[in-house]
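Please open the structure in a viewer and keep the sequence at hand. This tour proposes a series of selections and states what is found at each.

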Amino acid sequence: MIIILKPDTAEKEIVPIYRMLEENRIIAQEIMGETTRMIGMAGDTSSISEDSILCFSCVERIMRVQEPYKLAGRKFHPEDSGYDIEGKRIGDGAFAVIAGPCSVESEEQIMAVATAVKDAGATFLRGGAFKPRTSPYAFKGLGLNGLELLLMAKKATGLPIVSEIMSVEFLDAFAESVDVVQIGARNMQNFTLLSQVGGLRKPVLLKRGLSSTIEELLMAAEYVMAGGSGEVILCERGIRTFETATRNTLDVSAVPVLKAKSHLPVVVDPSHATGYWYYVEPMALAATAAGADGLVVEVHNNPEAALCDGAQSVTPQVFQRIMDKVGRVREAVADG
Ligand code: PEP
Ligand code: MN
């Protein structure tokens with residue numbers, strides 16, 4: 001980090017800045033330009049907030065040289081991370097497909113979808129038991145019963161379970177039943193939830209917030225990792241833009257950008273990104289070609305009757321076709 005001082009800063013104004021840096025065990029080095037005076041800092045600056053420096057009246061601005069995400073960043077962890085989760089693998093060359101309904105609705109539904117996605121080659125089963133809905137009157141999931149049904153589906157198919165947690169109240173229930181704890185877009189900056197889910201020390205699927213920057217997503221991952229989880233999976237699921245033809249705008253470039261900045265696996269959710277089932281296939285292929293480590297796809301055995309997100313849910317038949325084409329895209333873009 002570099003502190004740029006205002007012109008004509010008096011010597012005595014700089015003294016408290018040096019004192020503060022010394023207290024935080026930061027090595028400070030004054031840099032004299034022709035017209036600008038600066039203080040360069042070396043050491044672990046993560047404990048110093050930008051605010052605590054900007055509040056000195058002689059400071060004009062500060063420049064960060066290093067990213068503030070030390071655990072999620074690639075700098076101190078240059079190799080790609082890959083995780084073994086209940087016999088399935090994701091990241092570091094392993095492509096994972098997390099598929100299933102938006103929400104668990106009944107035993108028949110989750111069993112039918114789980115079997116279909118497994119047969120098509122999915123590696124994880126997703127299904128919401130607690131749903132974040134815009135309207136308080138909409139179906140909000142089966143709650144703990146939904147988790148029970150997911151466990152039944154896991155028993156029948158062997159697919160590990162991914163499900164979203166919305167409240168710290170259910171940490172124990174998720175610790176016992178879910179293999180990958182999902183943090184949804186709406187909770188990406190619920191910092192208490194991030195830390196406490198990290199404390200479960202389980203794999204975490206972290207979805208990008210609706211209007212969050214890549215840096216904010218990586219800082220959210222940092223919270224989860226600082227909380228204790230070493231296995232975070234980042235998910236690009238579309239962001240808010242002026243465009244209304246799709247539910248969100250899939251930021252495909254987030255895949256190479258995240259992979260450049262972070263060692264964590266990156267998956268893409270073309271279902272929530274587009275909002276329409278017929279756009280899921282082309283965006284799944286685009287994400288695969290862009291280098292994603294996996295996909296999150298909403299699949300329903302009867303989308304027209306779905307209690308949540310039916311319009312963006314593909315049938316098992318369409319899902320099978322997507323899986324076949326994704327396999328061919330992966331072969332086409334493989335190295336060598
Ligand atoms: C979901 O995965 O079901 C979901 C609600 O996604 P998001 O948080 O990305 O909107
Ligand atoms: Mn959904």
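The tour begins with the whole protein and then turns to selected residues.

**Before selecting**

This is a predicted model, in which local features need pLDDT of at least 70 and side-chain atom pairs count only at pLDDT 80 or more, while totals for chains, interfaces and linings use all residues. Residues are numbered from 1 along each chain as its sequence is written, chains are lettered from A and ligands numbered from 1 in the order in which they are written, and side-chain values use heavy atoms, with hydrogens and water left out.

**The whole protein**

Display the protein as a cartoon: eleven helices and 14 strands appear. Helices (H or I, at least four residues) and strands (E, at least two) are DSSP runs, numbered from the N terminus. The C-alpha trace spans about 75 × 45 × 40 Å along its principal axes. Of the 336 residues, 51% count as buried; buried means under 20% relative accessible area, exposed over 50%, and partly exposed in between (1.4 Å probe, protein chains only).

**Lys154 and its two partners**

Select Lys154, in helix 4 (residues 144-157). Is Lys154 buried or exposed? Its relative accessible area is 18%, so Lys154 counts as buried.

Add Glu86, which forms a salt bridge with Lys154, the closest N and O atoms being 2.8 Å apart. A salt bridge is a side-chain nitrogen of Lys or Arg within 4 Å of a carboxyl oxygen of Asp or Glu. Glu86 lies in the loop between strand 5 (82-85) and strand 6 (88-91), so this pair ties together parts that are 68 residues apart in sequence.

Next, add Asp179, whose salt bridge with Lys154 has its closest N and O atoms 3.1 Å apart. Asp179 belongs to the loop between helix 5 (171-177) and strand 10 (180-183), so its pairing with Lys154 ties together parts that are 25 residues apart in sequence. Asp179 is buried, as is Lys154.

**Helix 10 and helix 11**

Move to Glu281 and Lys325, whose side chains meet in a salt bridge (2.7 Å, N to O). Glu281 lies in helix 10 and Lys325 in helix 11 (residues 316-333), so the pair ties together parts that are 44 residues apart in sequence. Glu281 is buried, at 11% relative accessibility, whereas Lys325 is partly exposed, at 29%.

Also in helix 10 (residues 277-289), select Tyr279, which is partly exposed with a relative accessible area of 35%.

**A final distance**

Finally, select Asp8, in the loop between strand 1 (2-5) and helix 1 (11-23). Asp8 is exposed, at 79% relative accessibility. What is the C-alpha to C-alpha distance between Asp8 and Leu285? These residues are 57 Å apart in space and 277 residues apart in sequence.
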